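Student: I should like to take a close look at a single part of this structure, the place where its two chains meet. Could you please describe that part carefully and then place it in its wider setting?

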There are 2 protein chains.
Amino acid sequence: VPGADGERAAIERIRIALPQAPDDETWIGDDAAVVPGPGAGSLLLAADTVVEGVHFDLDLVEASDVGWKVLAVNVSDIAAMGGTPLHALVTIVGASNSVIDGLVSGLAEACSTYDCAVVGGDLSSGPLLVVTVAITGTTGGGRAVLRTGAHAGDQIFVTGPLGRSSAGLRALRAHPGDVGPADLDLVAAYRRPQARVAEGLAASGSGATAMIDISDGLGIDLDRLATASGIGIVLDDAPAACGATYEDALAGGEDYELIFTAADSSAVSRVFAEAGLRPPIRIGECVADRTARLIGGQPLAASGWEHRLR
Amino acid sequence: VPGADGERAAIERIRIALPQAPDDETWIGDDAAVVPGPGAGSLLLAADTVVEGVHFDLDLVEASDVGWKVLAVNVSDIAAMGGTPLHALVTIVGASNSVIDGLVSGLAEACSTYDCAVVGGDLSSGPLLVVTVAITGTTGGGRAVLRTGAHAGDQIFVTGPLGRSSAGLRALRAHPGDVGPADLDLVAAYRRPQARVAEGLAASGSGATAMIDISDGLGIDLDRLATASGIGIVLDDAPAACGATYEDALAGGEDYELIFTAADSSAVSRVFAEAGLRPPIRIGECVADRTARLIGGQPLAASGWEHRLR
């Protein structure tokens, strides 16, 4: 963003490309955005950042994919509390005008999908592309589902099969620009991950005791939940998606499915069915031995981030 | 942040170095923070990012200065709405453990000064240091002071003399590590800028019609306010601080004093005096000719960013 004129023009282009503020709110263009509070209940706050060369490679994905993904992964954090998103702030470092336009088109698609508004942010020059989204959300007066509430005896569920994102990235790297039809869904899972907002609400409504989203891998994220709750975990299996390996499912990460624990399996089935959602997959249970980390009788490694296929 | 263990340890170190959440809130350590909403009135949201080599140079300032500054400039955005800060999210890219510790010590000092809590964020590896803060604030049921409300005939005020930050950076560059006693205050203004929260509240309480903080320079930021309000501006002078040049005051930027417009000068004087604050400096007035940008009868350039002494 070269100089003040370029910055002003870029901000105006971003403002026009995104939904506009209602008359009684102020979004992009002032020192801070002015928006309604969450009404009843708590405010949820989260932030996630993506860095060129660490989280994405513009030789493999479009700038619009990066815009989609950074918004969607923040929405996923809100979903993992049983919340719904409200407003987002976007800061962009080191983007050319064409990259800004691509990012914003992906952000706009994700905002429309998740009913979340970009209300402000910041632009800066810089030697590489870094995009950060901070997001607010609400539980609408209901409780937030933390990582800390799982008890021994709770069942462990995941909202979908795993490993699609890392299998998709592998397919993309093997044949960049020429992905076979069999791999298109996997590549889409990598480029355009879905945040499970409805599933998070259903989990909360069915009495989930703890919840987390899978960003770094089933093993590591479930270890985080177990450590926070002070329980152990015994898994039957990791449900690999069609086209994904067992290792993808266990440690691939970036699935953005939700893991949650609940005492009453029948309530889980009923609430998800009533919401018209795919039934979550039961993958194991919580045990009192807080050191237990087992899958199919073998040790479950808290791995993921280090092996992440980025 | 190398690997999951390093990330977990760093997050735990950050959590311990900052104030802890009350029992009924969740801050660092879950997918999202859970905090009270703003109660009555609107929620203010802002974000600002600082980039190594663009906004700061670790040969000239400490990591703790960077931590202070990125929090303070976000608080300044809330102050420029007539608000007070509530909660902050911090994302850090490309920091070593020692840089993280320095950043966090400065963040903690600023959080204590401005009564604002860091409740979450994100850590990432990366080839250079980028720190982003997103902040929430509230007007406590009162109105937010936008950039858009100035009218012809309103007087223009600034909350303090200008140019200290850019004069301080010049002194620092001339004698790094050996700043003379005469320049210590200027250097402090550059390294540890103050957000004018009490002044923003007083301006709002005295009927300010529009307000903005000086981040990029008096000329450019006042042009933003005038353009947003659809008025012209005629300044008498730019009030340079002791040790700062006229050019510093006009275009140096990073002063984080507030510019505001108000119809009733006597109300401004009275409210600031009652709050025990230094009286704001009247620097000019708003005129109906929306193209007018004058200072002492000469053209006032909307400059700053391009010339910024970083």
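Tutor: Let us begin with a pairing of strands that crosses from one chain to the other. Strand β1 of chain A, residues 33–36, is joined to β2(B) by four bridges, and the two strands run antiparallel. Within this pairing, V34(A) has L44(B) of β2(B) standing opposite. As a general point, the strands of a sheet pair through backbone hydrogen bonds, in either a parallel or an antiparallel manner. Please keep in mind throughout that this is a predicted model.

We may now widen the view to the whole contact. Chain B contributes 60 residues to it, and chain A contributes 60 residues. Between them the two chains bury about 4,600 Å², and 60% of this area lies on carbon and sulfur atoms.

Charged and polar groups also take part. Six salt bridges are found across the interface of chain B and chain A. One of the salt bridges in the model joins D30(B) to R147(A), with 3.6 Å between the closest N and O atoms. In addition, 14 residue pairs are in polar contact across the interface of chain B and chain A. On the side of chain B that touches chain A, the largest share comes from strand β2 of chain B, residues 42–51, which supplies nine residues. Sorted by class, that side of chain B holds 31 nonpolar, 17 polar and twelve charged residues.

How are the two chains related in space? A rotation of 180°, with 0.0 Å of shift along its axis, superposes chain B on chain A, and the RMSD is 0.0 Å. This is the relation of a two-fold axis. Moreover, 100% of the interface residues of chain B are also interface residues in chain A, so the copies meet through the same surface.

For the wider setting, consider a sheet within chain B. Seven strands form an open sheet there, in the order β7-β9-β6-β10-β8-β11-β12, with mixed pairing. At its edges stand β7 (210–213) and β12 (298–299) of chain B, each with a single partner strand, so one side of each is left without a neighbour in the sheet. Inside this order, strand β6 of chain B, residues 155–158, is joined to strand β9 of chain B, residues 258–262, by four bridges in an antiparallel arrangement. Here Q155(B) has A262(B) as its bridge partner in β9(B).

Chain A offers an instructive example of both senses of pairing. Strand β8 of chain A, residues 232–235, pairs with β10(A) in the antiparallel sense over four bridges, whereas β8(A) pairs with strand β11 of chain A, residues 293–295, in the parallel sense over three bridges. The residue L235(A) stands opposite G284(A) in β10(A) and also opposite I295(A) in β11(A).

Finally, salt bridges also occur within a chain, as R278(A) and E257(A) show, their closest N and O atoms being 3.8 Å apart. This pair links distant parts of the chain, 21 residues apart: R278(A) lies in the loop between α9 (265–274) and β10 (281–287) of chain A, and E257(A) in the loop between α8 (246–251) and β9 (258–262) of chain A. Over all chains, the count of salt bridges comes to 34.

Technical notes. Residues numbered from 1 in each chain as written. Chains lettered and ligands numbered in written order. Predicted model: local features only at pLDDT ≥ 70, side-chain atom pairs only at ≥ 80, totals over all residues. Heavy atoms only, no water. Least-squares fit on C-alpha atoms with pLDDT ≥ 70 in both. Contact = heavy atoms within 4.5 Å. Buried area = accessible area lost by both parts, 1.4 Å probe. Salt bridge = Lys/Arg side-chain N within 4 Å of Asp/Glu carboxyl O. Polar contact = N/O pair within 3.5 Å; in protein donor to acceptor, adjacent residues only side chain to side chain. Nonpolar A, V, L, I, M, F, W, Y, C, P; charged D, E, K, R; others polar. Pairing = 2+ DSSP bridges.
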